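Reader: I keep hearing labels like "buried" and "edge-to-face". Could you show me how they get handed out?

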Amino acid sequence: MEASVLYNVPHDIPWKVFIPLYFYFTGLSAGSFILSTLSTVFGIKRFKPMALPAAIISFLLLLLAPACLIVDLQQPTRFWHTLVPEYFNPTSALSYGSWLLTLYPIANLVYIYFIYVKNDRVTKIIGTITVPLAIFVHAYTGFAFALVRARAWWHSALMPGFFLTSALLSGIALLVIVAMIMDRLRSEKLELDLYKSLRIMMIGILLTDLFWTGSFWLTLLVSNSDGHASILLALHENFYLWGEIFAGMLVPLAILVYPGTGNNKIWLSFASVLIICGVFLMRYSVVFIGFDIPLS
């Protein structure tokens, strides 16, 4: 370990719970939207019944996300400054994020309209244009952390990928719950293959997220004193170890992998709820554990 001093000086945490909620809502929105495009853009027909509900949920979540950011501002009435070209900072991920948060919901709303009027050709064109926006609008949040060199818990090249896959995971889990509600309300039931596909997708992404987590731990352990201190602190945080990792990843993975529970809709919905909560705790731990580590 390199020689370094960690100053145990407490500082006020400038961000409140609205910030992890913002990251959470953008992730859920991006994941829901990408799931919506599986049929309209990528032609996977069994997902067609979910295209419109997923797109509407994606849009509604996207209305909540910037509201969380504005509420967290010390002077909320100045939020529009981020959209003035004069104040645009080309070296700031947050500047790009402000514009993405403006363009993405507009494109999303147009996409919803063309699904509703059943114009498949234009829906595919708008969906194809909007998918990169959905990816960037959430990946930039990962870059916003990864580019902060002063905080070891945030400064990792793995962050954008981790944020993106966990966003997709939470979006799929939310759509599982929505699909089950639709099944109860509609006379025409959804195909069992739809649930099977969603279950397999969640297993694959959970394994990917566990890979990101293991790689994150390993790189921090061999980095510097800040990184080492980050891991030691994180492993003593119950919401991180028992909430995000155990209840939010390992338990749902076990439920989904075991055929006796993975093919049961009650267990599938339970695993989905755990995943949705676990992804929120991932955002929460990224923000607040990062602030808890004293700067060297």
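Author: Sure! Let's begin with rings: those of Phe, Tyr and Trp count as a pair if their centres lie within 6.5 Å. This is a predicted model, and a search of the whole structure finds 24 aromatic pairs.

Reader: What makes Phe 33 and Tyr 104 an aromatic pair that is edge-to-face?

Author: Two values decide that. Their centres are 5.9 Å apart, and the cut-off is within 6.5 Å. Their planes stand at 90 degrees, while edge-to-face asks for over 60. Both conditions hold, so the label is edge-to-face.

Reader: How do you know that the pair links distant parts of the chain?

Author: Look at where the partners sit: Phe 33 is in helix 1 (residues 18–40) and Tyr 104 is in helix 3, 71 residues apart.

Reader: And why is Phe 33 called buried?

Author: Buried means under 20% relative accessible area. Phe 33 has 0%, so it counts as buried. Tyr 104 also comes out at 0%, so that residue is buried too.

Reader: Why is Lys 118 called exposed?

Author: The bar for exposed is over 50%. Lys 118 reaches 68%, so it passes. You'll find Lys 118 in the loop between helix 3 (93–116) and helix 4 (120–146). Together with Lys 45, Lys 48 and Lys 124, Lys 118 belongs to a patch of positive charge on the surface.

Reader: What makes Val 17 partly exposed?

Author: Val 17 has 37%, and partly exposed covers what lies between 20% and 50%, so that's its label. Val 17 is in the segment before helix 1, and forms a nonpolar surface patch with Phe 18 and Val 71.

Methods:
Residues numbered from 1 in each chain as written. Predicted model: local features only at pLDDT ≥ 70, side-chain atom pairs only at ≥ 80, totals over all residues. Heavy atoms only, no water. Patch = residues over 30% accessible without salt bridge, like charges linked within 9 Å, V, L, I, M, F, W, Y side chains within 5 Å. Areas by Shrake-Rupley, 256 points an atom, 1.4 Å probe, with all protein chains shown as cover. Salt bridge = Lys/Arg side-chain N within 4 Å of Asp/Glu carboxyl O. Lys, Arg positive; Asp, Glu negative; His and termini not counted. Charge placed at Lys NZ, Arg CZ, Asp CG, Glu CD. Helix = DSSP H or I, 4+ residues; strand = E, 2+ residues; numbered from the N terminus. Buried < 20%, exposed > 50% of the residue type's maximum accessible area, 1.4 Å probe, protein only. Phe/Tyr/Trp six-rings, centres within 6.5 Å; stacked < 30°, edge-to-face > 60°.
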